[in-house]
Every structure is written in C-alpha cells, then in structure tokens.
Amino acid sequence: MTAPGPGLAAARALAERHRVKWWEAAPWLAGIALFFLLPSYLAFGTQLVITILFALSLDLVMGYAGIVTLGHAAFFGAGAYTVGMLAAHAGWNEPLSGLVAAALVAGAIGLASGYVLLRTQGLTLLMLTLCTMALLEESANMGHEYTGSFDGMPGLQFQAILGLFPFDLLYYRSQYLYALVVLFVCFVLVRVLVYSPFGQSLTGIRENVLRMHAVGAPVRARLVIVYAVSAAIAGVAGALFTQANAYVNLATLGLDRAAGILIILILGGYGRLYGAFVGAIAYMVLEHVLAKAYPTTWQLGVGLLLIAVALYARNGILGIADALWRRLRAAVAR
Amino acid sequence: MAALLETRQLCKSFGALEVARDIDFRLERGARHALIGPNGAGKTTLVNLLTGVLPPSRGAVLLEGEDLTAAPQAKRVKRGIARTFQINQLFRGLTVLDNVYIAVAERLGAGGSMFRPAGRRADVIAEASGLLETLKLEGDAGRRIHELPYGRQRLVEIAIALGLKPRVLLLDEPAAGIPSAESHILLDAIAGLPKEIAVLIIEHDMDLVFRFAERITVMVSGAIFAEGPPAEIAANREVRAVYLGSAADV
C-alpha cells in the first residue's frame with residue numbers, strides 16, 4: 001500500500017484534528033489521583049482547579065481570538081459577587097443554579113462591555129479592559145450594603161452539592177471534586193468551540209484580521225460572542241471560588257488577579273488549551289514551594305522565572321516541550 | 001444592460017488630498033480587465049473602494065445595478081466580490097489547507113458553527129482540497145504559510161479568493177515580489193481562471209498585462225486617464241508618455 005499524497009494527508013489531518021488523543025486523559029487522571037493520594041492538599045488543589053478554569057477562559061479570548069486584555073478578573077469577580085450576593089441577600093444558596101446565574105451575569109457583562117470595547121484594538125483595548133475592571137471593582141467597593149465593600153462577604157453558606165455533598169471548609173473534599181467536575185464540563189465546551197469552524201475563524205482573526213474581513217467574516221460579532229462566552233466561563237470560575245471558600249472580597253476583581261492569570265497563561269503557553277493547565281500548575285506549585293522556603297522573598301523567584309520565559313520561551317512551557325519533541329523526532333529520524 | 005461591477009463618479013479624499021476623482025468604471029461579465037498606472041495613481045484605493053475597505057467620499061458602487069456603496073465588506077463578499085492583496089494577507093501560522101478552508105467555510109455559512117468539529121465538514125475540506133489541486137498546491141496543503149516560498153504564498157492568496165466563488169475577482173499586483181523563474185506558475189493560474197469570473201488585475205508587469213487583458217484602464221493621479229483595448233492603449237502617445245514608456249513595445 002502506498003502512503004497517501006500530501007494533499008490527502010493534510011485533508012485527513014484536518015478531518016481528525018478534533019479527535020481526543022490518548023494523553024488527554026492525563027490531567028483528569030492526575031486530578032483524581034491527587035484526591036486519593038494527597039488529601040491534605042485538596043484546599044490547594046481546589047484553588048488550582050479554579051485557576052485553571054479562569055486561565056482557560058482567558059485562553060479562549062487571548063490565545064485563540066487574539067484579544068489582549070488586562071481586565072479579565074472583571075468577569076471572575078462578577079461571578080464571584082453574583083453567587084455571594086445571591087447567597088447573602090436573596091437566600092439563593094443552591095450551588096449549581098448559582099453557577100448558572102454567575103455565568104449569565106458575567107456573560108451579560110462580557111457581551112455589553114465587549115460590544116463597546118471590541119470596536120478598538122491594541123493599547124486602547126488593553127486600557128479599556130482595565131477600566132471596565134476598575135469600574136466594577138470600585139462599584140463593589142462603594143456598594144457596602146450589598147457587597148461588604150473592602151471587607152467583602154465572609155461566612156457565606158451554601159447548600160450541599162446536589163443535596164448530597166456538603167461543602168467542607170476544613171478538608172475541601174467536596175469542593176475539590178465539585179470544582180474538578182465543573183472544570184471538566186467547561187473544558188469540554190471550550191474544546192468543542194476551538195475545534196469548530198467558529199474556533200478556526202477566531203484563529204483566523206488572531207492571525208490576520210484584514211484577511212478575515214476580506215473573506216466576508218463578521219469579525220466583530222465573532223469577537224463579541226467569544227468575549228461573552230469567555231466572560232461566562234470566568235464567571236463560573238469566580239462563582240466556584242466564592243462557593244469553595246465561603247467568602248468573596250475585592251481581591252476577586254483586582255489587577256493582581258487579572259495580571260496573575262495573564263502571567264499564568266503566558267507561562268503555560270497560550271492558544272493551545274493545555275497551556276492553562278501547565279501554567280497554573282507551574283505557577284502555583286512554584287509559588288507554594290517558594291513561599292514556604294522563602295516567606296518574604298518568594299516573589300523574586302517567580303519574577304526571575306517570568307523573565308526567563310519572556311526572554312527564552314515566548315511560547316511558554318508547552319512551547320519548550322514542543323521544541324524538545326521536534327528535536328527528539330529529528331534525532332530519531334536521522 | 002448594467003455592467004457587472006460599476007462605479008459612478010466615485011471620489012475619495014483624505015482631508016485636502018484627493019486620491020480618487022470622479023471615477024466612472026465598468027467591469028463587464030467575464031471580463032479580463034487590467035488597471036495600470038504609475039505608483040500612487042490610486043489603483044489600490046479603487047480596489048479598497050470597490051471592496052468596502054474604504055468608504056467613498058462621494059459617488060456610488062454598483063454590482064449588477066444593486067447599490068453597494070454603503071455595504072460592509074462582508075456583504076460585498078457575499079454578493080461575489082473577492083480580492084487578493086498587493087502584500088500577502090494570509091494566516092501565516094496555519095496550514096495552506098486551513099487558509100482555504102476558512103474562506104470556503106465562510107462562503108458556505110459554516111464559519112459561525114460552534115458545536116460541530118471543523119473536521120466533520122467534509123464538504124468544506126473537499127472543496128478546499130479541490131481548489132489546492134486546481135492551483136497545483138496540493139503538495140503544500142499541510143505546510144504552514146510561513147514555510148512556503150513567496151511565489152507559492154501568492155497562489156494561496158488566489159486560492160482563498162477562489163474559495164469565495166467570486167463573480168468579480170480583483171487581483172492586486174499578483175506577480176509582485178515573485179522571482180521571474182516562478183512567475184509562470186502564477187501566469188498559468190491566472191490564465192486558467194474560470195471564464196465566468198470577471199477579473200480585474202492591477203499589475204506593473206506589462207508582459208503579464210498585455211498577455212492577459214482584453215481591456216485596459218489607465219489611472220493617473222486618482223483619475224481615469226485612458227481606457228480601451230490593449231492595442232489602443234499601447235498606441236496611445238499620452239499613455240506612453242505618462243506611464244508605459246518603452247514597455248509598450250512588448
């Protein structure tokens with residue numbers, strides 16, 4: 001049998017690109033293994049899973065659609081405050097419907113702000129995303145009666161998940177599995193989106209917006225849609241944060257969180273789905289280890305790592321892995 | 001009978017600078033029409049006005065009599081106006097097949113489809129692959145654009161435009177930057193374009209223009225200077241003086 005020609009091989013590769021690869025089971029198996037093998041790290045694991053979900057939402061807009069934003073924490077915070085305020089003031093403390101409400105509120109804010117902001121690009125867009133976040137943060141700060149202002153809303157109560165698994169603030173067992181399942185559901189959604197023609201058109205917009213206009217694509221509408229979807233997912237991450245920790249405060253909406261998630265995604269490698277996983281794990285584990293060893297100077301280590309990535313590994317850790325893999329294959333082929 | 005594509009008194013100004021002046025231009029069905037003129041004559045501006053990249057200051061753009069003057073780019077593409085760019089505008093990080101897939105998917109209305117994998121649109125893949133075969137690009141289908149020589153990239157520009165099944169194809173200096181050894185591939189591709197597509201080519205390569213065009217429009221300083229069949233344009237002393245020079249001897 002002869003090998004297929006390059007045209008046929010390319011068509012076949014495109015037709016099979018969306019298929020699930022065997023190694024894609026690895027993060028989920030690792031996630032389940034953590035639950036059984038490291039039960040004392042489940043609080044850390046829960047924060048890690050929430051961070052991965054948040055980074056994944058950012059990857060959708062930044063990595064795939066090329067929208068550079070410094071204000072993505074606006075949506076994380078919107079989701080976090082939605083479930084917090086519903087629980088504190090409306091007695092709505094059923095967790096799953098809380099997630100849906102958070103997604104709807106954050107998605108609506110993403111839709112409205114995206115409709116305005118995405119007329120711009122470059123530095124203007126960057127500044128406007130920052131301003132949107134600052135507006136929300138200041139609103140949360142000023143609405144003391146509803147948001148608790150600077151102190152936030154501590155001691156929130158949520159019902160047991162599905163009425164069966166109560167939140168456990170000591171060991172985080174329920175929270176961890178709950179967050180892992182929500183991450184899985186959102187990941188499947190994001191994966192479906194990025195491998196769809198819609199996802200491919202987003203990549204086209206990132207690669208060359210002039211050409212996308214010239215092939216008749218409704219560029220702005222696509223960007224606004226993906227911005228809203230991404231905002232909704234970030235909102236779910238924020239809602240998980242509030243439910244898992246039973247509090248919400250201004251830190252969910254701040255520049256620290258927005259810049260941190262950007263760093264995590266760049267560290268892992270953006271525009272490749274699993275960069276969010278790798279970046280979050282690398283950053284948070286490093287932070288955890290360094291903070292234990294050097295409680296006052298640990299940020300220096302993280303800073304040095306980021307400088308090294310910016311200088312030598314612009315495609316992040318996954319980019320390094322790719323390059324090594326290519327070299328290995330070339331060496332074997334020789 | 002209305003021309004396939006027509007402009008009426010089309011003008012474009014940037015402040016006091018008039019880059020297109022009262023352009024009355026007609027492109028007939030199945031035309032092989034060339035637009036020539038010195039640098040800065042307004043040729044690319046006219047293409048930008050026809051495709052909706054620039055809004056005109058005055059005048060009208062009509063496709064089969066339908067006024068498209070205020071229509072956005074996307075609507076004009078849907079109506080059948082496609083273009084290539086003077087400087088390649090491709091998705092450089094994607095494969096050649098992906099580049100054409102995106103264009104075909106947009107034309108078929110699949111570009112907004114969110115929940116079905118791109119790979120399951122066998123119709124889009126087959127059509128994109130077919131176009132690559134037509135342009136003898138199938139050997140490069142799996143290569144990323146930045147890995148291709150410039151001449152092959154120019155062919156991908158044409159493949160993307162053809163993926164839109166245009167009725168009007170505007171080729172903005174398709175041979176620009178191609179080494180002469182590779183230019184025959186492009187010439188063959190242009191010569192092989194389906195007859196039902198009206199083609200307007202902007203080109204400085206007079207050899208290509210006189211081999212390809214059945215009608216030539218000459219632009220100078222934002223206005224149409226002369227128009228006619230190639231022999232007439234080549235014989236026009238004023239055109240020779242302002243632009244063609246010795247190239248008209250070909």
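Of the 334 residues in chain A, 48% are buried, and this share is a convenient place to begin a walk through what is a predicted model. Chain A contains 15 helices and 0 strands, and its C-alpha atoms fill a box of roughly 70 × 50 × 40 Å when the box is taken along the principal axes. A compact globule with 334 residues would have a radius of gyration near 20 Å, and because chain A has 21 Å, its value agrees with that expectation. The contacts inside the chain also reach across the sequence: among those between residues at least 6 apart, 77% join residues at least 24 apart.

Chain B can be read in the same order. It has 9 helices and 10 strands, and its C-alpha trace spans about 55 × 40 × 35 Å along the principal axes. For 250 residues, a compact globule would have a radius of gyration near 18 Å, and chain B, with 18 Å, agrees. Of these 250 residues, 50% count as buried, and residues 24 or more positions apart account for 67% of the contacts in chain B with a separation of 6 or more.

We can now turn to the place where the chains touch. The contact takes 32 residues from chain A and 40 residues from chain B. On the side of chain A, the elements that give two or more residues are α1, α8 (173–194), α9 (197–207) and α10 (209–214), and of these α1(A) gives the most, with 9 residues. When the residues on this side of chain A are sorted by class, they divide into 17 nonpolar, 11 polar and 4 charged.

How does α1(A) meet its partner α3(B), and at roughly what angle do the two axes cross? Helix α1 (residues 6–16) of chain A and helix α3 (residues 96–107) of chain B have axes that come within 10 Å and cross at roughly 60 degrees, and the crossing is right-handed. From α1(A) the contact is made by A:Ala10, A:Ala11 and A:Leu14, while α3(B) brings B:Leu97, B:Asp98 and B:Tyr101. By class, the residues of this contact comprise 5 nonpolar, no polar and 1 charged. As a general point about such elements, an α-helix has 3.6 residues a turn, so residues three or four places apart point the same way.

Another of the elements on the side of chain A that touches chain B is α9(A), and here burial is the feature to follow. A residue counts as buried if 20 or more other C-beta atoms lie within 10 Å of its own. By that standard 11 of the 11 residues of α9(A) are buried, so this helix is largely enclosed by the rest of the structure. Among them are A:Pro197, A:Phe198, A:Leu202, A:Ile205, A:Arg206 and A:Glu207. The cover over these buried residues includes α3 (42–64), α8, α10 and α11 (219–245) of chain A, together with α3 of chain B.

Two of the helices that help to cover α9(A), namely α8 and α11 of chain A, also pack against each other, with axes 11 Å apart and an angle of about 175 degrees. That angle makes α8(A) roughly antiparallel to α11(A). The contact joins A:Gln175, A:Ala179, A:Val182 and A:Cys186 of α8(A) to A:Ile233, A:Val236, A:Leu240 and A:Ala244 of α11(A), and its residues comprise 7 nonpolar, 1 polar and no charged.

A few single residues deserve a look of their own. B:Ala110 is found in the loop between α3 and α4 (122–134) of chain B, and it is buried, with 21 other C-beta atoms within 10 Å. Leaving aside its neighbours within four places in sequence, B:Ala110 is in contact with A:Pro197, B:Ala105, B:Arg121 and B:Val124; A:Pro197 is one of the buried residues of α9(A).

Two serines remain. A:Ser149 lies in the loop between α7 (144–147) and α8 of chain A, and its phi is near 50 degrees, a positive value in a residue other than glycine. B:Ser221, placed in the loop between β9 (215–220) and β10 (223–228) of chain B, has a positive phi of about 50 degrees although it is not a glycine. A:Ser149 is partly exposed, with 15 other C-beta atoms within 10 Å, and B:Ser221 is likewise partly exposed, with 15 other C-beta atoms within 10 Å.

Terms used. Residues are numbered from 1 along each chain as its sequence is written. Chains are lettered from A and ligands numbered from 1 in the order in which they are written. This is a predicted model: local features need pLDDT of at least 70, side-chain atom pairs count only at pLDDT 80 or more; totals for chains, interfaces and linings use all residues. Axes are lines fitted to C-alpha atoms, for helices over the stretch in contact, and angles run from 0 to 180 degrees between N-to-C directions. Helices (H or I, at least four residues) and strands (E, at least two) are DSSP runs, numbered from the N terminus. A crossing is left-handed if the near helix is turned anticlockwise from the far one by less than a right angle, and right-handed if clockwise. Two residues are in contact if their C-beta atoms, placed from the backbone, lie within 7 Å. Ala, Val, Leu, Ile, Met, Phe, Trp, Tyr, Cys and Pro count as nonpolar, Asp, Glu, Lys and Arg as charged, and the others, Gly among them, as polar. The radius of gyration is taken over C-alpha atoms; the globule rule is 2.2 Å times the number of residues to the power 0.38. A residue is buried if 20 or more other C-beta atoms lie within 10 Å of its own, exposed if 12 or fewer, and partly exposed in between; C-beta atoms are placed from the backbone. Angles under 35 degrees count as roughly parallel, over 145 as roughly antiparallel, 65 to 115 as roughly perpendicular and the rest as oblique.
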